[in-house]
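Ready to poke around a protein model? Grab a pencil and try each task before reading its solution.

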Amino acid sequence: MQQEPASDYTSIQLGDKEIILVGTAHISQDSVDTVIRTIDELKPDTVCVELDSQRYQSLINKKGWESLNLKDVIRKGQMPFLLTNLALSSYQKRMGLQTGVKPGAELAAAAQAAIDKGLAMELVDRNIRTTLLRVWRKTGLWNKMKVMAALFGSLFEKQELGEEDLAKLRQEDTLSSMLDEMGDLLPSVKQILVDERDTYMAYHIKNAPGSRILAVIGAAHQPGIERQLQLDILPETIEEISKVPPKSSVSKIIPWLIPAIVIALFIGGFFFGDREQFADAAIAWVLANGVLSAVGALLAWGHPVTIVSAFIAAPITSLNPTIGAGFVTGLVQAFVAPPTVRDMEMVGDDLVTIRGWWNNRLARVMLVFLFSSIGSAAGTFIALGWLKDMF
């Protein structure tokens, strides 16, 4: 039976277990104060927090970036994930600057309060990498482009807020609200980013140890979690939504299909076409890929050596699905202009401004990776059109 919500929390009785939901905004000092006060007053057995272990470590470890092995991240193909994570966090941090509160401060405060009082503390959110990969793998090509455009736009969006907007921000979970808006445009994305996480968190909150459980969650998740708590969620359901879906057959084939078509056109042109036309086609391929990838590296303020490497690598990597131009240019940039200790320490602050993305060497490596990859991809499609016309 659900009780009337108090001003700061909602209490739900499930058998002999009381679950207290505290809906917060991730950039609100009021939420920080509410969380600490509610834990102190209600003295729960367990405090559940809307975090996974990775996000928790990033909140409590202020020097986490200093231990980042950037070259390792690039070699393991984790740069897209890192960029996406930063895009989301930089958006929220920009909003936080206008309210004067570090994003996630209330979650960190809840975890610390539980530790200080000797209470059990549970991290109940799904791993963020799993969430983002589920979005990517379960979204069609057109919707992938929409998601990328939204994330790319959030990197450089400059938003000034009035007093009414600021008041609203202090009362809401802004990141989840942003994802909710994205969900209106892309229902499949909302299902993964919001609905699945509601189910995942509700299951772990309900199964947390103790008879009085206090859960600190984003306000946007509270209605969904309240609904899910009333349902019998099976372990099989949690296991299913915790999996990273395999790549689709189409996504496996396409990276090989385009190089195969290009190589087939070159072979056909060499044996059955005009040799001079073949030479022109080869030059067109090199120039389209190399120039556009180099322009991308230049726009990211890449080192001159990086720009040259983009021009050389792109025509080759475009024919090899296992390696991209950004892999090469990112590594080269990291070697010739490695991030300093200051860059590592200040990356979180620098990324709240457009200028900061280019001034911070760590961020610049990411931009080099992104822009040179986009340039190479554009060059491949342009050159493919030229080759088709030539042959």
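Here are four short exercises on this predicted model, each with a worked solution.

**Exercise 1: two helices side by side**

Work out how helix H15 (residues 304-317) and helix H16 (residues 325-336) run relative to each other, and which residues make their contact.

Solution.
- Step 1: Start with the axes, which come within 8 Å and cross at roughly 160°.
- Step 2: Angles over 145 degrees count as roughly antiparallel, so that is how H15 and H16 are arranged. The crossing is right-handed.
- Step 3: Now list who touches whom. H15 brings Val 305, Thr 306, Ser 309, Ala 310, Ala 313, Ala 314 and Thr 317, while H16 brings Ala 325, Val 328, Thr 329, Val 332, Gln 333 and Val 336.
- Step 4: Sort those residues by class, and you get eight nonpolar, five polar and no charged residues.

**Exercise 2: covered helices**

Find out how many residues are buried in helix H6 (residues 128-137) and in helix H11 (residues 222-229).

Solution.
- Step 1: Take H6 and pick out the buried residues: Ile 128, Thr 130, Thr 131, Leu 132, Leu 133, Arg 134 and Val 135.
- Step 2: That makes seven of its ten residues, so H6 is largely enclosed by the rest of the structure.
- Step 3: While you're there, look at the start of H6, where a side-chain oxygen of Asn 127 reaches to within 2.9 Å of the backbone nitrogen of Arg 129.
- Step 4: Do the same for H11, where the buried residues are Gln 222, Gly 224, Ile 225, Glu 226, Gln 228 and Leu 229. With six of its eight residues buried, H11 is mostly covered.

**Exercise 3: a serine and its contacts**

Decide whether Ser 376 is buried or exposed, then find its polar partner.

Solution.
- Step 1: Locate Ser 376 in helix H19 (residues 361-390).
- Step 2: Its relative accessible area is 6%, and the cut-off for buried is under 20%, so Ser 376 is buried.
- Step 3: Check the side chain: that of Ser 376 makes a polar contact with the side chain of Ser 318, at 3.2 Å.
- Step 4: Skip neighbours within four places in sequence, and Ser 376 is in contact with Asn 289, Ser 293, Ala 314, Ser 318 and Ala 325.

**Exercise 4: far along the chain**

Which residues does Val 35 touch, not counting residues up to four places away in sequence?

Solution.
- Step 1: Find Val 35 in helix H1 (residues 29-42). At 1% relative accessibility, Val 35 is buried.
- Step 2: Read off the partners: Val 22, Thr 24, Glu 106, Ala 110 and Val 216.
- Step 3: Look again at Val 216, 181 residues from Val 35 along the chain; the two C-alpha atoms are separated by 7.3 Å.

Key
Residues are numbered from 1 along each chain as its sequence is written. This is a predicted model: local features need pLDDT of at least 70, side-chain atom pairs count only at pLDDT 80 or more; totals for chains, interfaces and linings use all residues. Side-chain values use heavy atoms; hydrogens and water are left out. Axes are lines fitted to C-alpha atoms, for helices over the stretch in contact, and angles run from 0 to 180 degrees between N-to-C directions. Helices (H or I, at least four residues) and strands (E, at least two) are DSSP runs, numbered from the N terminus. Angles under 35 degrees count as roughly parallel, over 145 as roughly antiparallel, 65 to 115 as roughly perpendicular and the rest as oblique. A crossing is left-handed if the near helix is turned anticlockwise from the far one by less than a right angle, and right-handed if clockwise. Contact means heavy atoms within 4.5 Å. Ala, Val, Leu, Ile, Met, Phe, Trp, Tyr, Cys and Pro count as nonpolar, Asp, Glu, Lys and Arg as charged, and the others, Gly among them, as polar. Buried means under 20% relative accessible area, exposed over 50%, partly exposed in between (1.4 Å probe, protein chains only). A polar contact is a pair of N or O atoms within 3.5 Å; within protein, one must be able to donate a hydrogen and the other to accept it, and residues adjacent in sequence count only if both atoms are side-chain atoms.
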